[in-house]
Structures are given as structure tokens and as C-alpha cells.
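Please open the model in your viewer and keep the selection tool at hand. The tour begins with a single residue pair and widens from there.

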Amino acid sequence: MSAVTERPSALLSDALAGLTAPRKTLPCKWLYDAEGTRLFEAITRLPEYYPTRTEIRILDQHGPEIARAVGPGAVVVEFGPGDGVKAVQLLEALEAPRAYLPVDIAAEWLDQVAERVEAASPTLPVRPVVADFTRPFDLPAHGGGSAARLGFFSGSTIGNFEPAEAVAFLARARTTLGPGGRLLLGADLVKGEAVLEAAYDDSAGVTAAFNLNLLTRLNREAGADFDIGGFLHKARWNPARERVEMHLVARHAQSVRLGGQTIRFAAGESIHTESSHKYRAEGLRALAAAAGWRDAAMWTDPDRLFSVWLLQG
Ligand code: AVJ
């Protein structure tokens, strides 16, 4: 089959839609190819990137209390388990968890997570579920029977959703988790601009490489011809929408070929590649309530950098 008659990939069609819009955007989910995943893991170890280590500290400090609130015998359903480190930590803190169901769109990562959890808890049933959790999906009937499910959505990944999408996700999670379901949710908190911007524009340039890798990926997988050196990484706090935005800014006027089209950039024009919303306790409570969750308990760190929530009811 020739290149012109091949069905355009989802990456190419998303990129064409985003880059021909009046304000150029690319969906942040495309940041995570193998190299992007490696770079994100490097980000979580940066001195400036406080969310990962702070969330781990909260789970560690308040683990017993969280375990008491959850109760024994939960079936843990994790949305986007990443490397599985937090799953191991949570499963160790909980009392007699009955099963672990990691849900991700990428089957190859699920195998790694399953292996890590099985190594840590050899007798715990692990049932990976390949699904896009940004859409409705069903959980397998096996793995825990009728035991109440505990959803786990960590890392403030919820912050990548627009507020209306976050409510839609929280409402769907309630349905997916079923009667008696609870959701343990990590959410990053609003704080000073300098701390936030440093977290998304580190001095070692790892976040810049993470963002620019999206253009490398478009060149490789969608046949684009971006000059990577023609763009720079920018992170800025948007105070009105209380979110950090990542952009790729054209250093000078240029054009790029993509999917048979020419995409023109003015000097200084940007591609918005990610939003990371930050929350206030009241705002997060309102999102949860709008999604139908009736009760929300929160744990935080002494500096109030990050929050972990247990939604129920
Ligand atoms: C794991 C998606 C929540 O938004 O903080 C880190 C991704 N982007 N640095 C975040 C990310 C830039 C991260 N999430």
C-alpha cells in the first residue's frame, strides 16, 4: 500500500487538527512514547519536580489512616499505573487487598507493572485491563468478586483534564467502580508561581527535552519535518485558570510539512502541549460533588504542596 492511501494514524490526524486550529495545540497524551516515558520518569526525580515525591510521602505518612478509611478486602483499580511504584506502596499499606487491576491503554507497560506488583505481593491476584480510561469501559468480572472497589488515580494526572473533562472522568469512574466504590485521588495544589514554573521548567532541561520530544515523535511517526532547534520549551502559570501550561514556541517564522499540508508559524507563535491544573481544597470538593461523589476526605503534607483524597458515597 502506498503512503498516500494508508489510513492516517491517530497521531497524524490529532496533529493536523491541533496544528491547523487558530491557536495551535497538540494533545498531551502523545508526549508518552518510549522516550517520553523515560523522560517523564527522570522528571519525577528532579529537585524542582515536587509532586511525585510529595505524594509518596503523603501515602507513607498517612498510609495507616487511609487504610483504616478504606477498610479490608478492597479490589484496587488503578487508572494509568505508570511504573507501579505507588501501587506497591498502596497495596502494602492497605489491609488484605483482594486484587489489583491496573488499567492502561498501553499493554506493554501493564506487563511491567504486573510483574512489579506480583514480585512484591506474590499471592495477590493481578488482572491487567487494556482500556482507554478517558472513555467508558467495563472491568472484568473476575478478580475480587463482589468486593468493593477502590479506584486509584495518582500523580495529579486529573490535572491534565479541563475542569469539565475532570468532572466527566470522576463521574465515569464512579460508574466503573460500582456500588460502594471509592476513589483515592492525587491532586496537586495551587501555590506560588515560582515553585510551579520551576517544576515545569527545570534547570537541567529535562522537561524541555520531554516537551520537544513531541516534535521528534511527529517527525518519526507522522512524517513531519520539524526543525527541533527552531522551537523552545516554555512553562507558564495561568493565574486565571490556575494551571501550568507547557508550550513549544517558534524561535522565528517558519513552516513545517505535515500530512501533505504546510503549517506556518509566526515568530513567537506557540503550540500548547499540556495543561496541569492545580487545585484548592474547595475547588476539588466542588468537582467531586459535581461528579456525584458525596464525601471527600483529604490528606496533605506539612507544606500543603499536594493532596490525596478519598472520595466515596
Ligand atoms: C503526570 C501528567 C500529571 O502534569 O505534572 C510533568 C506531567 N508534564 N512535567 C504533570 C508533566 C511536565 C505530569 N502528570
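Select arginine 243 first: its bridge partner in S10 is histidine 277. Please bear in mind throughout that this is a predicted model.

Next, extend the selection to strand S7, residues 243–250, together with S10; the two strands pair in the antiparallel sense over seven bridges. Adding S6 completes an open sheet of three strands, with antiparallel pairing and the order S6-S7-S10. Strand S6 (231–238) and strand S10 (270–277) stand at the edges, and each has a single partner strand, so one side of each lacks a neighbour in the sheet. Viewed from one strand to the next, the twist averages 20°.

Now select residues 206–222, which form helix H9. This helix packs on the sheet and touches S6, S7 and S10. The direction of H9 makes about 120° with that of S6.

Colour the domains next. The domain assignment gives domain 1 as 2–30 + 207–277 and domain 2 as 62–191 + 279–312. Their centres, taken over C-alpha atoms, are separated by 31 Å. Where the domains meet, six residues of domain 1 are in contact with five residues of domain 2. On the side of domain 1 that touches domain 2, the residues comprise one nonpolar, three polar and two charged.

Finally, display the whole protein, which has ten helices and twelve strands. Its C-alpha atoms fill a box of roughly 60 × 50 × 35 Å along the principal axes. Of the 313 residues, 38% count as buried. Among contacts with a separation of 6 or more, 70% come from residues 24 or more positions apart.

Notes:
Residues numbered from 1 in each chain as written. Predicted model: local features only at pLDDT ≥ 70, side-chain atom pairs only at ≥ 80, totals over all residues. Helix = DSSP H or I, 4+ residues; strand = E, 2+ residues; numbered from the N terminus. Buried ≥ 20, exposed ≤ 12 C-beta atoms within 10 Å, placed from the backbone. Contact = placed C-beta atoms within 7 Å. Domains from an automatic or database assignment. Nonpolar A, V, L, I, M, F, W, Y, C, P; charged D, E, K, R; others polar. Pairing = 2+ DSSP bridges. Axes fitted to C-alpha atoms, helices over the stretch in contact; angles between N-to-C directions.
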